[in-house]
Amino acid sequence: MNTRPIVAASPEALQIVTFDAAMEARIAELLPRYPTRRAAILPVLWLCQERFGWISPGVVAAVAARLGEAPAFVEGVVSFYTMYQTAPPARYVLQVCTTLSCAWCGGRELVAHLKERLGISFGEITPDGTFQLVGVQCLGACGQAPVIQINDDYYENLDIAKLDAILDELAGRS
Amino acid sequence: MEPVLLRARGVPDSRSIATYLAAGGYEGWKKALGMGPDAVTKEVLDSELRGRGGAGFPTGRKWSFVPKDHPGPRYLVCNADESEPGTFKDREIIEYDPHQVVEGVAIASFAIKANTAYIYIRGEFARWAKILEDAIAEARQRGFLGKNIMGSSFDLDIWVHRGAGAYICGEETALLESIEGKRGFPRLKPPFPAVVGVFGKPTVINNVETLACVPHIIVRGAAWFSSIGRPKNTGPKLFCVSGHVNRPGVFELPLGVTFREIIEEHAGGVRGGRKLKAFFPGGSSAPILTADEVDTGADFDACAAAGTMLGSGGVIVFDDTVDMVEVADNVAHFYAHESCGQCTPCREGSDWCMDILDRIVAGHGRPADPDTLLRICRFSSAGMTICPLGDAFALPISSIVNKYRSEFERRIAAATPLPQKKQPVLPWAGPRPGFGI
């Protein structure tokens, strides 16, 4: 699989955010889908995360200004949903499913292996910024347990050897 | 039985509209436009189709609750949030046959006279959201969506709306809040969404699998559909089997087969020649069943009679090596993480259960713990919370404590006191490092 690395903008670059023409065009496409501007908050945040890698306070302010909301309201939305990143992520975010079927079909062994191989715990990033380890709840692919989502892609029916091969490839590429 | 919802699985290029049309796709949509909204609703009502998302409410009746004389817009929402642990059927439908979903959404929208439909899909399913968007674009290009569809003067737009990581948004009113661009806090009912739904307008919310049944009902008739399964539990159902079985996967079977048939015949039995210990019959929110209860029928009413629920059809199988205290702990972690935090019994109760179970697993259980868990669960279920998440953690945890109490007691008998150090008084979530946990 050809998982694209996340390219996260620096906190400095995201202090004050303005949307360029390309971004404005995509927002303009979204707005007519809903009767309120507020309803575009989630999709616009997705656009921002795609573009900048994460949602900084500057991004929150820009989204709020564009959609006519208070920054606090947008911040409230961002903090509710687990997938909006509120700090610069690593290039590859390893989201390991820790729920029932995955946990009992090899997921716990994968977690132990990842922690040892990468030398980090859940929520941490390797010093070179390549990998971030996150424990997540059910990814909805229980028949293919154990499952890890790396950035947007699902990697299924894993074992330690397969996982090592994937990490080697991703680390080599970056 | 012949596959209905999964007939495209394994067919080459099954996602394209050409393949779908060659298999008789969009015939139901054409027929429905000729029948008129009331006849479509009547056909679905007669088929006795019940919602496949978990609650099993009759779909036709749900549609009929939309006020007939409402002047303004109304909406159809397809729930593709699929977050219940053990459930992976909607993804299978979208993966192989996205047009089936688009056609079902179109017919249901027509039945309730909605000109806008949203498909709400969980944020993690980026790939499947794209598959749906491509299918919608194809359908629009062929004139099955858009303005004045096939000369019927009916207009319909379908939009895919991605969630962003929140189990609770599978609950229908939280889902509506999320479409509106807010935190996913469930709403009090009544008013029900059929009267006051998304953007304050009448809204019907149906699961992906429910809507995928609809084109088949229109084409082949209500009598054909209700001939499958059992009385009041009609039609094909997708069962997702995961955990300790030889062939995990999605199986399409008539409602009313037994869990023994599902696990032993279709999923190839418990793997490694081990014995079955327990299974969740319908996702992790359903009370657990023991190996002795494996002959329970897999339909809405038989599950209810057995004190559990069919839920989403997510069958999670555990073999005899599994420690049920750890299962309860895993379940508690899930719900403590996913509680939205609006209602005290659910927010605090799920956290307390998690803390107690963590402590038992760490070898520091106390004799009063099983009863404390049961008391917390009782306090959080049966209408004590706005939405069913309170029950969703309380029922499985209390069922595990009740059915496997000796395992708890054995651990507690061997437990050591917790080392005396300062313990936090209240659980503290702390700052989120992102991507959950």
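Mentor: Helices (H or I, at least four residues) and strands (E, at least two) are DSSP runs, numbered from the N terminus. The model before you is predicted, and one residue placed by such elements is B:Lys113, which lies in the loop between α6 (98-111) and β2 (116-121) of chain B.

Trainee: Is B:Lys113 buried, partly exposed or exposed?

Mentor: B:Lys113 belongs to the loop between α6 and β2 of chain B, and its phi is near 60°, a positive value in a residue other than glycine. A residue is buried with 20 or more other C-beta atoms within 10 Å and exposed with 12 or fewer. Because B:Lys113 has 15 other C-beta atoms within 10 Å, it is partly exposed.

Trainee: And B:Glu82, does that residue count as buried or exposed?

Mentor: B:Glu82 also has a positive phi, of about 25°, although it is not a glycine, and it lies in the loop between β1 (75-80) and α5 (89-96) of chain B. Because there are 30 C-beta neighbours inside 10 Å, B:Glu82 counts as buried.

Trainee: How many residues of strand β7 (residues 236-243) of chain B are buried?

Mentor: Take the faces in turn, since in a regular strand the side chains alternate between the two faces of the sheet. On one side of β7(B), B:Pro236, B:Leu238, B:Cys240 and B:Ser242 are buried, and on the other so are B:Lys237, B:Phe239, B:Val241 and B:Gly243. The strand is therefore largely enclosed by the rest of the structure, and the number of its residues that are buried is 8 of the 8.

Trainee: Which residue of β8(B) is the bridge partner of B:Leu238?

Mentor: β7(B) and strand β8 (residues 249-254) of chain B form a hairpin with 5 residues between them, and they pair in the antiparallel sense over 6 bridges. Within this pairing, the bridge partner of B:Leu238 is B:Glu252.

Trainee: Which residue in β11(B) stands opposite B:Val241?

Mentor: Strand β11 (residues 314-319) of chain B runs parallel to β7(B), and 4 bridges join them. Opposite B:Val241 in β11(B) stands B:Val315.

Trainee: Which strands of chain B stand at the edges of the sheet?

Mentor: The sheet is open, with 5 strands in the order β8-β7-β11-β9-β10 (chain B) and mixed pairing. One of its antiparallel pairs is strand β9 (residues 276-280) of chain B with β11(B), over 4 bridges, where B:Leu276 stands opposite B:Asp319. Each edge strand has a single partner strand, so one side of each is left without a neighbour in the sheet, and these strands are β8 and β10 (289-290) of chain B.

Trainee: About what angle does the direction of α5(A) make with that of β7(B)?

Mentor: The helix α5(A) packs on the sheet, where it touches β7 and β11 of chain B. The angle between its direction and that of β7(B) is about 40°.

Trainee: Which element gives the largest share of the side of chain A that touches chain B?

Mentor: In this interface, 44 residues of chain A are in contact with 48 residues of chain B. The elements that give two or more residues to the chain A side are α2 (41-52), α4 (71-80), β1 (92-97), α5 (100-118) and β2 (131-136) of chain A. By class, that side divides into 27 nonpolar, 14 polar and 3 charged residues. The largest share, 5 residues, comes from α5(A).

Trainee: Which helix of chain B gives the most to the largest nonpolar core?

Mentor: In soluble globular proteins, nonpolar side chains tend to be buried together. Here the largest nonpolar core has 187 residues, and B:Val315 is among those with the most contacts inside it. Leaving aside neighbours within four places in sequence, the contacts of B:Val315 include B:Phe239, B:Ile262 and B:Phe279. With 9 residues, the helix that gives the most to this core is α13 (residues 324-338) of chain B.

Trainee: How far apart do the C-alpha centres of domain 1 and domain 3 of chain B lie?

Mentor: Chain B is divided into domain 1 (17-227), domain 2 (235-319) and domain 3 (324-413). Between domain 1 and domain 3 of chain B, 9 residues of the former are in contact with 8 of the latter, and the domain 1 side has 7 nonpolar, 1 polar and 1 charged residues. The C-alpha centres of domain 1 and domain 3 of chain B lie apart by 35 Å.

How values were computed
Residues numbered from 1 in each chain as written. Chains lettered and ligands numbered in written order. Predicted model: local features only at pLDDT ≥ 70, side-chain atom pairs only at ≥ 80, totals over all residues. Pairing = 2+ DSSP bridges. Domains from an automatic or database assignment. Contact = placed C-beta atoms within 7 Å. Nonpolar A, V, L, I, M, F, W, Y, C, P; charged D, E, K, R; others polar. Axes fitted to C-alpha atoms, helices over the stretch in contact; angles between N-to-C directions. Core = buried A, V, L, I, M, F, W, Y, C linked by C-beta atoms within 7 Å.
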